[in-house]
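Work through the following exercises with the sequence and the 3D structure open beside you. Try each task before you read its solution.

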Amino acid sequence: MTSSSQEKPPLLDVKGLSVDYGLKGVPSRAIDSVSFALRAGEAVGLVGESGSGKTTTAMAIAGLLSPNARVSKGEVRYRGEQLPIDDDASMRPHRWSETSVVFQGAMNALNPVHRIIKQIAEPCMLKLGMSRGEATARARELLELVGIPADRGSAYPHELSGGMRQRVMIAMALACRPSIIIGDEPTTALDVITQAQILKLLGELRSRLGLALILITHDLSVVAECCDRVMIMYAGRIVEDGTVAEIFAQPKHPYTRLLIESIPNPASGKKMIRPIPGDPPNLVNRPSGCAFHPRCPSVMAVCATEVPSLDQFGRGRVACHLYRSSQEDKVAVHA
Amino acid sequence: MPDTADILRLESLQVHFPIQGGLFDHVLGRPAGAVRAVDGIDLNIGRGEIVALVGESGSGKTTVGRVITKLAQPTGGRMLFEGRDMTSVQGSSALRPYRHRVQMIFQDAYQALNPRHTVFDVVAEPLRSLRLVGNASQLTERVSEALASAGLNPPGDFFARFPHELSGGQRQRVVIAGALAVRPGLIVADEPVSMLDVSIRAQILQVLVALRDKHNMALLFITHDLPLAWLIADKIAVLYLGKLVEIGSADDITFNPRHPYTVALRNATPQVGANAGRAELRGLQGEVPSAARVPKGCRFHPRCPLAFDRCKQEEPPAIEVGPQHMSACWLAA
């Protein structure tokens, strides 16, 4: 974002990132020219439906792309330094200590045969060179930090509830004092009340430790509650980027607007079900021009032929031909 | 007396799963106990009524759905369908007329569909096994009708397709088409949209609402999502640890909840809207206790911010707090 230039340099700078997956020899583009900056302590929601590229974006930043993925364009900079995101071995020193990931399925991400204290202590020993005793002490500290009594550290993952396991995942992610936490649908498998507890914990940790947060989710309402900014992804591209307040009050991209309208919202009092027509796009057979044009209620001729670029609009960014007319017309188009 | 107003009545329905005790307990003669998954619930579903059963995981909502579809046997209470007591009816031939009237939609359309059956076979299966059609052309007609009602148009294009050739939303429509092909009076839908993308959810909800509007089909919509329940249902029943804590119209439960658990559920639900952002998520402390160790008194009292002495001793009955609005809370007394 241009506005960040007068402030301190971004913590994370993603520039024109494109990632392809090899599908039966045919490369299919999972994310396309994704660019954004993240400032220290900022919480950004990355929202999209399945196949929108939100997880690929996050995994690319963390250097955790699967072997059949290839970074075909672009770069990721951390405090100005380029990260070797496509080289597993050179990426290793960066993981955990700069960026760490909280995955969705805590039961699958935790080792079932080790006590949780050992699993939290492990990165401390490997990454921070701590002795076993020091690492265990650190692990106990981390457990208390995420709201688990340190004595519960001797439990195995199966002895904990889903919410407790997700807390363990967060404790692990914090082990090497990273400045960015990526939460990949961290609350999706949890009940609402547990979800609220975990979101509250993430918010507290953010302000206490000055963490930046990238929250990947399909659930806009989760983002509404706990992020500063939200980026909406569709078919591998960011289609809209703005502050939470702006996006929810005045969504610009037709997809964002329909997405918000399709969430049941008792506060609106409107028991209207308005579906987004059509099906999510197929990445192998991507629609021409703007990928949303076959489903878009405001489609124009240009949408089928030309990919709209993600341009600055007001204080945010939007990739839609509706907002690419002359500067003066822009507000009128929205109104 | 057959009751024609309600299609389904659950009276003090109870499902307890016995716990297999250890050898040591057995030798000492200790009782093994039970998981009280459903612990005495009363619920009526009217003809053409959409009732949402809302609860967290472990609340027993899926077990209720399984009892209604006769996939689980109650250990107590009664279940009346169109006035007939179905509680102890068992066996596939005895249940055939019932299965014709009550169908289920599962959450996971990926697992609910046989990957080696075509869409036609999936939808035709209940018609064939319940022997509802006489000949092939009638069968094709019924399958087409069901697919069209589920929003798969033109139906003929889908006959020969296999599940892997469909998108997630289309798969869930096929599952719905299979359920409605027999023209049931009641569909039990267990989290039918929770695996779907947000943009697809509304399409499926529209299909379900249209079924009620056109065919007067009743729907029991099982979900953990209170705003979603509000959107689709006429009536919401909130389940906590095997017991209904509150029942009322969708608007009453959403805007005027009277049970502290419903209030907590509502407050914990993230909100979207023009005023979104940074509302403090006021949740509850702790977790749902195990259904094998249900707390004494009101089962919600250990987590209730408003609990007082009576809550720890006596279990509150369902207390009328308004028209068609019940809350099982001593504060409502």
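**Exercise 1: Two unusual loop residues**

Glu82(B) lies in the loop of chain B between the strands β4 (76-81) and β5 (84-85), where strands (E, at least two residues) and helices (H or I, at least four residues) are DSSP runs numbered from the N terminus. The model is a predicted one, in which local features need pLDDT of at least 70 and side-chain atom pairs count only at pLDDT 80 or more, while totals for chains, interfaces and linings use all residues. Residues are numbered from 1 along each chain as its sequence is written, chains are lettered from A and ligands numbered from 1 in the order in which they are written, and side-chain values use heavy atoms, with hydrogens and water left out.

Task: state the sign of phi at Glu82(B) and at Arg79(A), and decide whether Arg79(A) is buried or exposed.

Solution. Begin with the backbone: Glu82(B), although not a glycine, has a positive phi of about 50 degrees. Arg79(A), in the loop between β4 (69-78) and β5 (81-82) of chain A, also is not a glycine and has a positive phi of about 45 degrees. For comparison, most residues other than glycine have a negative phi. Then turn to accessibility (buried means under 20% relative accessible area, exposed over 50%, partly exposed in between, with a 1.4 Å probe and protein chains only). Arg79(A) has a relative accessible area of 56%, so it is exposed, whereas Glu82(B), at 26%, counts as partly exposed.

**Exercise 2: A residue at the chain contact**

Task: find the helix that holds Leu231(B), and list the residues that Leu231(B) touches, not counting residues up to four places away in sequence.

Solution. First locate the residue: Leu231(B) belongs to helix α9 (residues 226-232) of chain B. Next, because its relative accessibility is 9%, Leu231(B) counts as buried. Finally, apply the contact rule (heavy atoms within 4.5 Å): leaving out residues up to four places away in sequence, Leu231(B) touches Leu205(B) in its own chain and Pro264(A), Lys270(A), Lys271(A), Met272(A) and Ile273(A) in chain A.

**Exercise 3: The whole contact**

Task: how many residues does each chain bring to the contact, and how many salt bridges does the rule find across the interface of chain A and chain B?

Solution. Count each side separately: chain A brings 46 residues and chain B brings 45 residues. Then test for salt bridges (a side-chain nitrogen of Lys or Arg within 4 Å of a carboxyl oxygen of Asp or Glu); across this interface the rule finds zero.
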